[in-house]
Structure formats: structure tokens, C-alpha cells
Amino acid sequence: MWRGRAMSRRVLEPRSPGKRWLVAGLGNHGLPGTRHSVGMAVLGQLARRLGVAESWARDQRCTADLALAPLGDAQLVLLQPRRLMNANGRSVAQAAELFGLTAEEVYLVHDELDKPLGKLALKLGGSARGHNGVRSCISCLNSSAMPRLRVGIGRPTHPSAVKAHVLGCFSPEEQELLPPLLDRAADLLLDHIRARSQGASPGP
């Protein structure tokens, strides 16, 4: 409870003079290590890279864990929803309202069945492509303009195996690929956000 009050005081401080961005790692709260929650793993790596891995604090107003991190003149609001994937959008939209951010200032990081493990793609808006967490965010933000970092987890051959694959943990062989993948995901996000903060127009 104290940490929640401390975070509440922090988010009510005057905003930094630079740009502010929200980066949300989508996933199922309470199920870390699964393929479906790889977006949360990326946020964990991002927090370590930015030196705020010990700063996560629960904010009851958006039912999420938040960490604030400087990035040059900008500020990043890192968010991990404390909800199941299908309701992630409620946490993201509540945090966006809390920090006064538009959909274009909200990054979503999520798993992608249609890309093999190790592949990353930055998508600038568009449809949910069947992803329930993204669909929830589009519905709650009433916009599809959010940039998205799609993290490949691969699609099993048989359609009946998709649910178990998504909700399952990475195999030992896959886990060996994760550290460099999470590093590259953090690099891609930070480079894109830096360019936008400086007024450039980075490609997807």
C-alpha cells in the first residue's frame, strides 16, 4: 500500500519539460514466462536497461505496475497490466488518461503468432490482427493508432495446438534465444522513441 501511495505522489508531480511516452507490455498477469506474456518480458528488459528495474510500483488507479524512466529530455512510463490479456486495454487506457497521453503516444509490446521466434516488427497502428490484448486496447482507447512492437513466438503446425502454445512456457531451446531477443526489442523501442522525441520521422 505504501508503494502505491508513493507512486501516486510521483505521477502527480509536474511533468518533465520533454515528451512523455507510455510503453505497455501486454500479457496475462500472474503468468510470467509464457509466450503470450513475452511483451511483459520486454518491459522487464527495458526497465533494466533504463536503470529502473527496482522501481516498479503498483498503481491502483490503472490496475498496473508502473515505472518512470528518463530518456534524454523525454520520460517513459513503463506499464505492466495487472489484468488478464483480454482486459489489458482497461489498464492502458486508464494510464493514458492519467498521464494525459494520446493513442499515438502509447506503445504496445505483444506476442505475434505469425512471426517466428527471434523476429521483431514495429507496426504503426492498424487492426488487432486477431490479438485479444491489442483488440482490448483499441476498444478502450477508441483508437487503432498505437505503435506496436510485435515479438514473434511462432505458430504451431496444427491449429488445435495454438492455445496451448500461446499459454505455454518457452522451451529450454527457446529460452536460449530470449536474452538477445529482449535486448534487440529494447534497442528497437528506444531508437524509435528517441527519434520521435527529437521530431524525426522514423520508419516502421
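This note goes through a predicted model, point by point.

1. Overall make-up. The chain contains six helices and seven strands. Read from the N terminus, their order is α-β-α-β-β-β-α-β-β-α-β-α-α. The chain has 204 residues, and 52% of them count as buried. Among contacts with a separation of 6 or more, 70% are between residues 24 or more positions apart.

2. Helix H4. This helix spans residues 132-141, and its buried residues are Gly133, Val134, Ser136, Cys137 and Leu141. These residues sit on the same side of H4, because the arc they cover around the axis is only 155 degrees. An α-helix has 3.6 residues a turn, so residues three or four places apart point the same way. The cover over the buried residues of H4 includes H3, E5 and E7. Just after H4 comes Asn142, with a positive phi of about 55 degrees.

3. Asn88. This residue belongs to helix H3. Asn88 counts as buried because its relative accessibility is 0%, the cut-off being under 20%. Apart from neighbours within four places in sequence, Asn88 has contacts with Leu26, Gly27, Pro81, Arg83, Ser136 and Cys137. Two of these partners, Ser136 and Cys137, are also among the buried residues of H4.

4. Pro81. Pro81 is a residue of strand E4. Its relative accessibility is 1%, so Pro81 counts as buried. Leaving out residues up to four places away in sequence, Pro81 touches Gly25, His29, Met40, Thr63, Ala64, Asn88 and Ser91. For one of these residues, Gly25, the C-alpha atom is 7.5 Å from that of Pro81, with the two positions 56 residues apart along the chain. The contact with Asn88 ties this point to the previous one.

5. Salt bridges in general. How many salt bridges does the structure hold? The count is nine. Side chains of opposite charge can pair when their charged atoms come close. Three of the pairs are taken up in the points that follow.

6. Lys19 and Glu105. The side chains of Lys19 and Glu105 form a salt bridge with an N to O distance of 2.3 Å. This pair links distant parts of the chain, 86 residues apart: Lys19 is in the loop between helix H1 (2-11) and strand E1 (20-25), and Glu105 is in the loop between helix H3 (88-99) and E5. Are the two partners buried or exposed? Lys19 is partly exposed, at a relative accessible area of 32%, whereas Glu105 counts as buried at 13%.

7. Asp65 and Arg82. Here the salt bridge has an N to O distance of 3.1 Å. Asp65 lies in strand E3 (residues 64-71) and Arg82 in the loop between strand E4 (74-81) and H3, so that the pair links distant parts of the chain, 17 residues apart. Asp65 counts as buried, with 15% relative accessibility. Arg82 is partly exposed, with a relative accessible area of 25%.

8. Arg155 and Asp114. In this salt bridge the closest N and O atoms are 2.9 Å apart. The two residues come from distant parts of the chain, 41 residues apart, with Arg155 in the loop between E7 and helix H5 (162-167) and Asp114 in the loop between E5 and strand E6 (120-124). Arg155 counts as partly exposed at 46% relative accessibility. Asp114 is also partly exposed, and its relative accessible area is 46%. Elsewhere, Arg49, Asp183 and Asp187 are joined into one network by salt bridges that share partners.

9. The cavity. The structure holds one cavity of 30 Å³ or more. The volume of the largest cavity is about 40 Å³. Strand E5 (106-112) and strand E7 (147-152) are the elements that give two or more residues to its lining. Which residues line the largest cavity? They are His110, Glu112, Lys123, Ser127, Ala128, Arg129, Val134, Arg148 and Arg150. By class, the lining has five charged residues, two polar and two nonpolar. Val134, one of the lining residues, is also one of the buried residues of H4.

Methods
Residues numbered from 1 in each chain as written. Predicted model: local features only at pLDDT ≥ 70, side-chain atom pairs only at ≥ 80, totals over all residues. Heavy atoms only, no water. 1 Å grid on protein atoms, 1.4 Å probe; cavity = no way out; pocket = protein on both sides within 12 Å on 5 of 7 lines; lining within 4 Å. Points joined across faces, edges and corners; volume = space filled by probe spheres on them. Helix = DSSP H or I, 4+ residues; strand = E, 2+ residues; numbered from the N terminus. Nonpolar A, V, L, I, M, F, W, Y, C, P; charged D, E, K, R; others polar. Salt bridge = Lys/Arg side-chain N within 4 Å of Asp/Glu carboxyl O. Buried < 20%, exposed > 50% of the residue type's maximum accessible area, 1.4 Å probe, protein only. Contact = heavy atoms within 4.5 Å. Arc of directions from axis to C-beta.
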